[in-house]
Amino acid sequence: MGFYIVHYGFLGCIRLAMEVILTKLRFRNAKVIRTPFECRGKKHIDVGLGFTTGRYCRLEAHGSEGMNIIIGNNCQINDSVHIAAAESIMIGNDVLIASRVFITDLNHGSYSGVEHSHPDSICRERTLHTKPVVIESNVWLGEGVVVLPGVTIGKSSIIGANSVVSRDIPANSIAVGNPARVIKQFDFQRGQWVTVDAK
């Protein structure tokens with residue numbers, strides 16, 4: 001208890017205790033969901049044991065059946081994280097997500113493949129198109145990262161601050177930039193992160 005009082009202060013401890021109580025009413029498995037917090041489509045969202053959030057987070061599940069957002073055990077999302085799914089966003093165990101991160105599996109309209117949305121059509125009225133997102137276990141998403149539809153981020157990877165992930169990232173990689181590209185991968189024989197040659 002002493003640690004919490006030193007860290008949060010007396011009033012902060014009271015607020016934290018109230019948030020823990022509210023958390024258990026919303027998501028029994030979660031550790032603490034700090035308020036304000038917005039959740040749309042709660043019946044289509046499943047969070048694992050030990051889930052924690054910062055303030056101003058928003059989870060949106062727009063699907064009509066099943067679980068659209070599945071978050072594994074011991075995941076932590078920080079302030080102002082926005083996760084929006086209409087089909088499937090799966091987040092593994094022990095994932096750490098910094099503040100101001102946006103993860104989505106949907107677009108208003110289609111801009112590749114066979115069907116293309118016309119630029120004169122009203123943006124908000126375009127048909128939603130979805131592609132599942134998978135973030136495997138032990139991934140760390142840095143501050144301000146954006147993860148776009150159809151992406152898989154392999155286990156134990158790190159995505160640098162303000163990166164835009166628009167294509168798959170292999171396991172045990174460090175990726176940065178817009179679009180995010182792999183700059184390092186872990187070499188298990190050498191026991192260190194090794195720079196990847198630019199192509």
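## Glu 60 and its salt-bridge partners

Glu 60 is buried in this predicted model, its relative accessible area being 6%. Because the threshold for burial is under 20% relative accessible area, Glu 60 at 6% falls in the buried class. Glu 60 lies in strand S5, which covers residues 57-61.

Two arginines pair with this side chain. Arg 40 forms a salt bridge with Glu 60, with 3.2 Å between the closest N and O atoms. This contact links distant parts of the chain, since Arg 40 belongs to strand S2 (residues 37-40) and stands 20 residues apart from Glu 60. Arg 58 also meets Glu 60 in a salt bridge, at an N to O distance of 3.4 Å. Arg 58 has a relative accessible area of 27% and is therefore partly exposed.

## The salt-bridge network

Arg 40 has a further contact with Glu 38, whose side chain meets that of Arg 40 in a salt bridge of 2.7 Å, N to O. Glu 38 is partly exposed at 34% relative accessibility, and Arg 40 is likewise partly exposed, at 35%.

Glu 38, Arg 40, Arg 58 and Glu 60 are thus linked in a network of salt bridges. Side chains of opposite charge can pair when their charged atoms come close. The structure as a whole holds five salt bridges.

## The open parallel sheet

Five strands form an open sheet in the order S3-S6-S9-S14-S17, and their pairing is parallel. The edges are occupied by strand S3 (45-47) and strand S17 (152-153). Each of these has a single partner strand, so one side of each is left without a neighbour in the sheet.

Within this sheet, strand S6 (residues 69-71) and strand S9 (residues 89-91) run parallel and are joined by three bridges. Ile 70 has Met 90 in S9 as its bridge partner.

## A nonpolar surface patch

On the surface, Ile 21, Leu 22 and Leu 25 form a nonpolar patch. Together these residues have about 330 Å² of accessible area.

Ile 21 is located in helix H2, which comprises residues 10-26. The relative accessibility of Ile 21 is 56%. Because the exposed class begins over 50% relative accessible area, Ile 21 counts as exposed at this value.

Methods. Residues numbered from 1 in each chain as written. Predicted model: local features only at pLDDT ≥ 70, side-chain atom pairs only at ≥ 80, totals over all residues. Heavy atoms only, no water. Patch = residues over 30% accessible without salt bridge, like charges linked within 9 Å, V, L, I, M, F, W, Y side chains within 5 Å. Areas by Shrake-Rupley, 256 points an atom, 1.4 Å probe, with all protein chains shown as cover. Salt bridge = Lys/Arg side-chain N within 4 Å of Asp/Glu carboxyl O. Helix = DSSP H or I, 4+ residues; strand = E, 2+ residues; numbered from the N terminus. Buried < 20%, exposed > 50% of the residue type's maximum accessible area, 1.4 Å probe, protein only. Pairing = 2+ DSSP bridges.
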